[in-house]
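Colleague: I'd like to learn how to read a ligand site in a model like this. Can you walk me through it?

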Amino acid sequence: MCTGSPSEQATGQAANTATPMPRIGDSAPDFKAVTTHGELQFRDWQAGKWALLFSHPADFTPVCSTELTELARRNAEFEARNFKLIGVSIDSIHSHLAWVENLDQILKVRLPYPLIADTDKKVSQQFGMIHPGESSTVTVRALFFIDPKGTIRAIIYYPLNVGRNVDEILRVVDALQTAEANGVACPVNWKKGDKVIVPPPKTEKEVAARKALTNVERLDFYLIKKSL
Ligand code: BEZ
């Protein structure tokens, strides 16, 4: 028997009736959660700092174990950038607590950040972390970079079978903060200390103002790099 709407039958895909996924520039949904550090209200927990909210597919899985312990080892680098880390998966608090102990025993790393037990999938669904084409039962590897005002400033997704790169996550953190602090943009493969891009002009007046800039690498009127 054929089920689903005519468009579902035509595409072979389930209709997306879930909450719309938050996008860059949106206010991050606030939520109350049970975590390994106790119950928290996300915005209160953020306490005016940047937040990296990241999901992992499941506790007691190998790639997730490598990712979460590496984020733990490098937690001080996030703290130095005024960032707080918080993880989420649809596992129970009991599973999270047991996994935290197990990681400490086998890899000698204690997670310094909380893990949200999202058994009812409320947080995962609010943030669009379940991608049914990849898995309808667990969260993908999502990263939400949320600024101190609660605005989502960047989002990255990885599939279940590819672990994330902490250097790249920190590079995005540095790029977001450098761009904002200096009113500039960051070019391809940019890393802290590299030249930045003077944002392209939007008016003739701005074109004229860019002609007057000194100490810059001017490749054309719209492509100008400078050191900070
Ligand atoms: C892992 O973390 O190893 C993993 C989790 C879910 C699916 C595949 C791999």
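Colleague: Okay, which residues surround the ligand?

Modeller: A residue is near a molecule if one of its heavy atoms lies within 4 Å of it. Here the ligand is surrounded by Pro 57, Thr 61, Pro 62, Val 63, Cys 64, Arg 141 and Leu 160. This is a predicted model, where local features need pLDDT of at least 70, side-chain atom pairs count only at pLDDT 80 or more, and totals for chains, interfaces and linings use all residues. Residues are numbered from 1 along each chain as its sequence is written, and side-chain values use heavy atoms, with hydrogens and water left out.

Colleague: Which element gives the largest share of that shell?

Modeller: Helices are DSSP runs (H or I, at least four residues), numbered from the N terminus. Helix α3 (residues 62-73) gives the largest share, three residues.

Colleague: And what about polar contacts to the ligand's oxygen atoms?

Modeller: Look for a pair of N or O atoms within 3.5 Å. A polar side-chain atom of Thr 61 sits 3.0 Å from a ligand oxygen, and a side-chain N or O atom of Arg 141 is 3.1 Å from a ligand oxygen. For Pro 62 it's a polar backbone atom, 3.3 Å from an oxygen of the ligand.

Colleague: How much of the ligand does the protein bury?

Modeller: Accessible areas come from Shrake-Rupley with a 1.4 Å probe. Taken alone, the ligand exposes 260 Å², and the protein buries 74% of that.

Colleague: What is the mean confidence of the chain?

Modeller: pLDDT is the predictor's confidence in each residue, from 0 to 100. The protein chain has a mean of 93, with 92% of its residues at 70 or more.

Methods: A polar contact is a pair of N or O atoms within 3.5 Å; within protein, one must be able to donate a hydrogen and the other to accept it, and residues adjacent in sequence count only if both atoms are side-chain atoms. Helices (H or I, at least four residues) and strands (E, at least two) are DSSP runs, numbered from the N terminus.
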